[in-house]
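Visitor: I am new to this structure and would like to learn how to read it, feature by feature. Could you take me through it slowly?

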Amino acid sequence: MSTYGFWFIVFSLVLVSSALAVITFRNIIYAAFCLLLTFFSVAALYVFMRADFLAVTQVIVYVGGILILLLFGVMLTNKITSFFKIKTDVVNVGWGSLAAGGMLFLIAFIVRTISFANLPWVKNAEKANNVLKDTDSTVHTIGIQLMTTNLLPLEIASILLTVALLGAAYIARREPTKGRKTLSK
Amino acid sequence: MLISAFLTEIPVYYYVVISGILFAFGLYAVITRRNAVVALMGVELMLNAANINLVAFSQFDKALLSGQMTAIFVIALAAAEAAIGLAIVLNVYDRFRTVNLDDIDTMKE
């Protein structure tokens, strides 16, 4: 038993079980913290796939940005009287199980049918030595690609992030006197 | 099957299975949960599942890393979409005093 495979099994089990916890826990705070564990496990899986830059990006953007945003959303949309009393409801379990079960069956069928290691382009990549090894760093290649091949998506993403920033700040602003209960009254 | 993975090379279909499981979980969360913020968590789960799949196959593309480039832009887009989605949820909470998706039905006849 090698430590590489052992830790991969550990991280993937943590990932699957914390994702299951996110979707089944009724308490939103528990679900948000299990989502934190999910994002960290995905970053660990990125390290196993030799995507070092992406693992750190995942931690910074998802854990340090999106999760904080989701926690803000949880805190601002629930009347928190006591810490353990935020319970949400679950509806449509039948349809949800049908959709999720169909998706799982589809993935199992695909993995059974196609042997992914024998795809032509994968075999060509292995022959042409185009496979990421443990000693490769992806930062150099990502930097070059961002400035040459993916320059247009980069510029569009920067405009989109600016628009999203302005839009979110505008949509979520509080209008002070429009008939809502304010504390100063 | 799991025992045979204890080498130094993880077969790529493990990542496909993991990403499929995560996507199914995200789909279940979006369909089943009534709270809007938990539905947004399900959307983030689905985006992460797609990212795992993309990056797993970009292991075989060292020259261009197209899968990882797509994954970077998916992460940026997910951040923007989470921000806008939560701004909308806050607005809905201001107006309806609840974020239960079943109670926001004033457009029904």
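**Two helices side by side**

Guide: Helix 3 of chain A (residues 52-76) and helix 3 of chain B pack with their axes 10 Å apart, at an angle of about 10°. Helices here, like strands, are DSSP runs, numbered from the N terminus (H or I and at least four residues for a helix, E and at least two for a strand). Please keep in mind that this is a predicted model, in which local features need pLDDT of at least 70 and side-chain atom pairs count only at pLDDT 80 or more, while totals for chains, interfaces and linings use all residues. Residues are numbered from 1 along each chain as its sequence is written, and chains are lettered from A, and ligands numbered from 1, in the order in which they are written.

Visitor: How should I read the angle of helix 3 of chain A and helix 3 of chain B?

Guide: Two packed helices are described by the angle between their axes and by the distance between those axes. The axes are lines fitted to C-alpha atoms, for helices over the stretch in contact, and angles run from 0 to 180 degrees between N-to-C directions. Angles under 35 degrees count as roughly parallel, over 145 as roughly antiparallel, 65 to 115 as roughly perpendicular and the rest as oblique. Helix 3 of chain A and helix 3 of chain B are therefore roughly parallel to each other.

Visitor: Which residues of helix 3 of chain A and helix 3 of chain B meet?

Guide: Two residues are in contact if their C-beta atoms, placed from the backbone, lie within 7 Å. Helix 3 of chain A brings residues including A:Val61, A:Gly65 and A:Leu69, and among those they meet in helix 3 of chain B are B:Ile75, B:Ala79 and B:Ala83. By class, this contact has 17 nonpolar, five polar and no charged residues, where Ala, Val, Leu, Ile, Met, Phe, Trp, Tyr, Cys and Pro count as nonpolar, Asp, Glu, Lys and Arg as charged, and the others, Gly among them, as polar.

Visitor: How many residues does each chain give to the whole contact?

Guide: Chain B gives 68 residues and chain A gives 76 residues. On the side of chain B that touches chain A, helix 1 (12-32), helix 2 (36-57) and helix 3 (66-96) of chain B each supply at least two residues, and the largest share, 21 residues, comes from helix 3 of chain B. That side of chain B has 52 nonpolar, nine polar and seven charged residues.

Visitor: Does B:Ala83 count as buried or exposed?

Guide: A residue is buried if 20 or more other C-beta atoms, placed from the backbone, lie within 10 Å of its own, exposed if 12 or fewer, and partly exposed in between. B:Ala83 lies in helix 3 of chain B, and it counts as buried because it has 22 C-beta neighbours inside 10 Å. Leaving aside neighbours within four places in sequence, B:Ala83 is in contact with A:Leu69, A:Ala164 and A:Ala168.

Visitor: Which residues have the most contacts inside the largest nonpolar core?

Guide: A nonpolar core is a set of buried Ala, Val, Leu, Ile, Met, Phe, Trp, Tyr and Cys residues joined through C-beta atoms within 7 Å. The largest has 69 residues, and those with the most contacts inside it are B:Phe25, B:Val37 and B:Met41. Helix 2 of chain B gives the most to this core, with 13 residues. Not counting residues up to four places away in sequence, B:Met41 touches A:Val22, A:Ala31, A:Leu35, A:Leu70 and B:Ala29.

Visitor: What is the phi of B:Leu65, and what is the phi of B:Arg97?

Guide: Most residues other than glycine have a negative phi. B:Leu65, although it is not a glycine, has a positive phi of about 50°, and its place is in the loop between helix 2 and helix 3 of chain B. B:Leu65 counts as buried, with 25 C-beta neighbours inside 10 Å. Phi of B:Arg97 is also positive, near 65°; this residue is in the segment after helix 3 of chain B, and it counts as exposed, with 10 C-beta neighbours inside 10 Å.

Visitor: How many helices and strands does chain B have?

Guide: Chain B has three helices and zero strands, and 51% of its 109 residues count as buried.
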